Amino acid sequence: MFSSFVLLLAQSANPFGSPAPPTINPSAPMTMTEVRFNECVDLAVDDPVSAVVEANKWRIEGGGFLARHCLGFAYAEQFNWAAATKTFAEAAQEAEIAKYPRVANFWAQAGNAALAGNQPGKALEYLNAALVQGSLVGLEKGEVHLDRARAHVALNDYTAAKAEFILVHKLAPQDPLGWLLSATLARRMGDLPQAKADIQVAAKLAARDPAVALEAGNIAYEAGDMVEAKANWEKAVQIDAESRSAKAAQKYLAQLVTSVSE
């Protein structure tokens with residue numbers, strides 16, 4: 001009697017979001033061009049429509065790949081992923097020709113936008129271009145592997161995704177999203193012990209994240225622990241009733257009540 005419920009649980013309600021603002025590293029001395037880039041990105045966050053106008057104006061004035069990259073971010077802020085992906089990739093290509101030291105970050109942005117735009121194959125191409133630069137380390141490199149894992153999941157290559165998560169946990173152990181998504185993958189692959197272990201780490205790192213509570217409930221349900229599943233789904237709703245994860249949890253709770261009453 002739980003068949004429709006199991007199909008519902010097969011879907012993921014994990015938040016992926018848009019690319020993080022590509023602000024120039026403030027620890028290094030900035031040129032006036034880089035200052036303008038940061039200002040353009042700030043405008044994109046506050047008013048992406050105006051930022052498109054400003055970035056195009058700056059490109060005409062000779063702003064080069066930084067102006068183009070800001071334009072890509074303005075498109076991303078409008079969820080225009082096709083335009084953002086194309087523009088980020090063009091900016092990365094120009095930055096690579098110019099031997100810009102942060103070109104790997106530009107390729108990573110292009111890959112992230114492609115992933116958000118449901119182009120996982122293109123995302124892998126751009127993420128590989130980011131890694132091949134050899135300049136990414138630590139958290140930044142871990143985030144690229146996290147996006148690669150997401151791309152492999154979208155392509156139904158769970159084995160490749162699992163290998164990526166091993167690198168994510170090594171490079172970015174404090175990123176709760178990495179543990180959350182690896183827990184989700186383990187559940188989908190039927191590895192409940194691994195799923196439980198990973199979601200426990202995610203819960204320690206992000207105890208007030210409704211997406212973590214939602215997935216903890218999903219894993220408990222798959223393990224046959226209805227009490228724990230119900231408790232975690234209720235927690236997701238309590239944390240933020242308006243979140244996408246909470247709304248999914250509410251559906252699961254309703255399904256649970258209906259199934260028990262049948």
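**Exercise 1.** Find the separation of the side chains of Glu61 and Lys57, and state how far each residue is exposed.

*Solution.* Step 1. The side chains of Glu61 and Lys57 form a salt bridge with an N to O distance of 2.7 Å; the term stands for a side-chain nitrogen of Lys or Arg within 4 Å of a carboxyl oxygen of Asp or Glu.
Step 2. Glu61 has 45% relative accessibility and counts as partly exposed. Lys57, at 43%, also counts as partly exposed. The classes are buried (under 20% relative accessible area), exposed (over 50%) and partly exposed (in between), with a 1.4 Å probe and protein chains only.
Step 3. The model is predicted: local features need pLDDT of at least 70, side-chain atom pairs count only at pLDDT 80 or more, and totals for chains, interfaces and linings use all residues. Residues are numbered from 1 along each chain as its sequence is written, and side-chain values use heavy atoms, with hydrogens and water left out.

**Exercise 2.** Which helices do Glu90 and Arg68 lie in, and what does their salt bridge tie together?

*Solution.* Step 1. The side chains of Glu90 and Arg68 meet in a salt bridge at 3.0 Å, N to O.
Step 2. Glu90 belongs to helix 5 and Arg68 to helix 4, so this pair ties together parts 22 residues apart in sequence. Helices are DSSP runs (H or I, at least four residues), numbered from the N terminus.
Step 3. Glu90 is partly exposed at a relative accessible area of 22%, whereas Arg68 is buried at 15%.

**Exercise 3.** Locate the salt bridge of Lys230 and Glu234, then name the residues of the salt-bridge network.

*Solution.* Step 1. The N to O distance between the side chains of Lys230 and Glu234 is 2.5 Å.
Step 2. Both residues lie in helix 13 (residues 226–239), four residues apart, about one turn of the helix.
Step 3. Lys230 is partly exposed at 37% relative accessibility, and Glu234 is partly exposed with a relative accessible area of 30%.
Step 4. Arg36, Glu54, Lys57 and Glu61 are joined into one network by salt bridges that share partners. The structure holds eleven salt bridges.

**Exercise 4.** Describe the disulfide of Cys40 and Cys70.

*Solution.* Step 1. The structure holds one disulfide, a term for a pair of cysteine sulfur atoms within 2.5 Å. The sulfur atoms of Cys40 and Cys70 are 2.0 Å apart.
Step 2. Cys40 sits in helix 2 (residues 32–46) and Cys70 in helix 4 (residues 64–77), so the link ties together parts 30 residues apart in sequence.
Step 3. The angle about the S-S bond is -90°, and the link of Cys40 and Cys70 is left-handed.
Step 4. Cys40 and Cys70 are both buried.

**Exercise 5.** Which residues touch the most other members of the largest nonpolar core, and which elements give two or more residues to this core?

*Solution.* Step 1. A nonpolar core is a set of buried Ala, Val, Leu, Ile, Met, Phe, Trp, Tyr and Cys residues joined through side-chain atoms within 4.5 Å. The largest has 44 residues, of which Leu66, Ala84, Phe88, Phe106 and Trp107 touch the most other members.
Step 2. The elements giving two or more residues to this core are helix 2, helix 3 (48–60), helix 4, helix 5 (81–97), helix 6 (103–116), helix 7 (120–132) and helix 8 (138–154).
Step 3. Another core, of 15 residues, lies apart from it, with Leu214, Ala220, Ala248 and Leu256 among its residues.
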